[in-house]
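Colleague: Got a minute to walk me through this one? I'd like to go over the sheet and the ligand site.

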Amino acid sequence: MLDSDQVKQYEETGALLLEDVFSKAEVAVLREAADRVAAEDRPNVTPEANGSTARMVHGAHAYNPILENLCRHPRLIEPTMQLIGSGVYVHQSRLNYNAGHGTGGFDWHQDFSTWHNVDGLPAPRAMMITVFVDDMDATNGPLLYIPGSQHEGLIDEFEPVEDAAGNILMKLSSRRLSEMVEKGGIQAVSGRAGSVLFMHCNLVHGSSANISPRSRTLFYVNLNSVENPQTTFERAEYHAGSDFTPIAPAADECLLA
Ligand SMILES: O=C(O)CCC(=O)C(=O)O
């Protein structure tokens with residue numbers, strides 16, 4: 001259970017960082033799973049522009065048992081059900097590798113903009129959960145967000161950018177970005193591998209390229225309320241999951257079993 005200070009922090013800023021949620025042994029298991037799915041030749045694996053490494057893998061929880069267990073992990077599911085106030089299902093999972101030497105980088109956006117405008121999720125009752133597979137700090141292309149930006153609701157000044165088939169990001173206009181940063185500032189996220197960041201689906205976020213030689217892999221489990229399922233089905237299942245069955249949390253030790 002999250003305590004009242006943690007809930008207040010999430011409600012005010014749109015984000016809540018919990019450190020060391022997963023042990024070193026659990027992180028090692030996640031690392032191996034992330035490496036394994038990146039090496040496979042599948043349509044849901046998006047390479048970096050230079051072709052050298054994977055940029056993203058969507059929906060690997062559908063065929064990798066470790067990632068499937070992570071998507072049902074009680075340390076992720078229970079706080080999310082508490083914050084969203086209902087049962088949840090996986091709308092999307094993705095690995096963002098950001099291997100270093102100039103990889104990664106995402107324009108400023110709200111995930112709910114894609115989920116609403118493309119997938120037809122009616123309300124912002126969804127959560128992005130980021131599990132740190134590597135240490136992340138100011139030097140390796142950290143995730144950036146604008147605290148409190150979820151209070152703006154869904155922003156309609158954006159331009160769609162598709163960096164692989166179906167992988168659509170709604171890039172926020174420069175005018176709105178300047179206005180919002182003036183108000184909320186920018187928070188760079190840092191923490192050890194095994195930490196977890198819960199983010200409201202309307203939180204404005206992005207990142208710059210990782211020019212360090214240190215990889216910065218994150219696994220995102222994006223959960224939606226079972227009371228708020230998608231209403232349009234244009235994208236592949238690995239971009240927008242259509243199994244709305246409420247998740248029954250797995251056993252706490254499921255990653256090591
Ligand atoms: O992992 C990052 O650097 C940001 C990723 C992101 O914003 C996204 O995949 O929507």
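**Inside the sheet**

Colleague: Which strand pairs with β1 (residues 15-18) over four bridges, and in which sense?
Modeller: Keep in mind that this is a predicted model. β1 has four bridges to β11, and the sense is antiparallel. You can check the register on residues: A15 has M199 of β11 as its bridge partner, and L17 has L197. So much for the pairing of β1: the strand is β11, antiparallel.

Colleague: And which strand, with residues 126-132, pairs with β11 over five bridges?
Modeller: Look for the residue opposite F198 of β11, and you land on I129. The strand spanning residues 126-132 runs antiparallel to β11 over five bridges. That strand is β6.

Colleague: What is the order of the seven strands in the open sheet?
Modeller: We already have β11 paired with β1 and with β6. The pairing in the sheet is antiparallel, and the order is β1-β11-β6-β13-β4-β3-β2.

Colleague: Which strands stand at the edges?
Modeller: An edge strand here has a single partner strand, so one side of it is left without a neighbour in the sheet. As for the twist, it averages 15 degrees from one strand to the next. The edge strands are β1 and β2 (45-47).

**Packing around β11**

Colleague: How many of the five residues of β11 are buried?
Modeller: Take the two faces separately. V196, F198 and H200 are buried on one side, and L197 and M199 are buried on the other. The strand is largely enclosed by the rest of the structure, because the buried count is five of the five.

Colleague: Which helix lies across β4, β6, β11 and β13?
Modeller: Helix α1 (residues 4-13) lies across β1 and β11, at about 140 degrees to β1. The helix you want covers residues 74-84 and runs at about 150 degrees to β6. That is α4.

**Around the ligand**

Colleague: Which strand gives the largest share of the shell around the ligand?
Modeller: The residues around the ligand include N96, D111, H205, G206 and S207. Three residues of the shell come from the strand with residues 205-207, the largest share. That strand is β12.

Colleague: How many charged residues does the shell have?
Modeller: By class, there are three nonpolar and five polar residues in the shell. D111 is among the residues around the ligand, and Asp counts as charged. The charged count is one.

Notes: Residues are numbered from 1 along each chain as its sequence is written. This is a predicted model: local features need pLDDT of at least 70, side-chain atom pairs count only at pLDDT 80 or more; totals for chains, interfaces and linings use all residues. A residue is near a molecule or strand if its C-beta atom, placed from the backbone, lies within 6 Å of it. Helices (H or I, at least four residues) and strands (E, at least two) are DSSP runs, numbered from the N terminus. A residue is buried if 20 or more other C-beta atoms lie within 10 Å of its own, exposed if 12 or fewer, and partly exposed in between; C-beta atoms are placed from the backbone. Two strands pair if DSSP finds at least two bridges between them. Axes are lines fitted to C-alpha atoms, for helices over the stretch in contact, and angles run from 0 to 180 degrees between N-to-C directions. Two residues are in contact if their C-beta atoms, placed from the backbone, lie within 7 Å.
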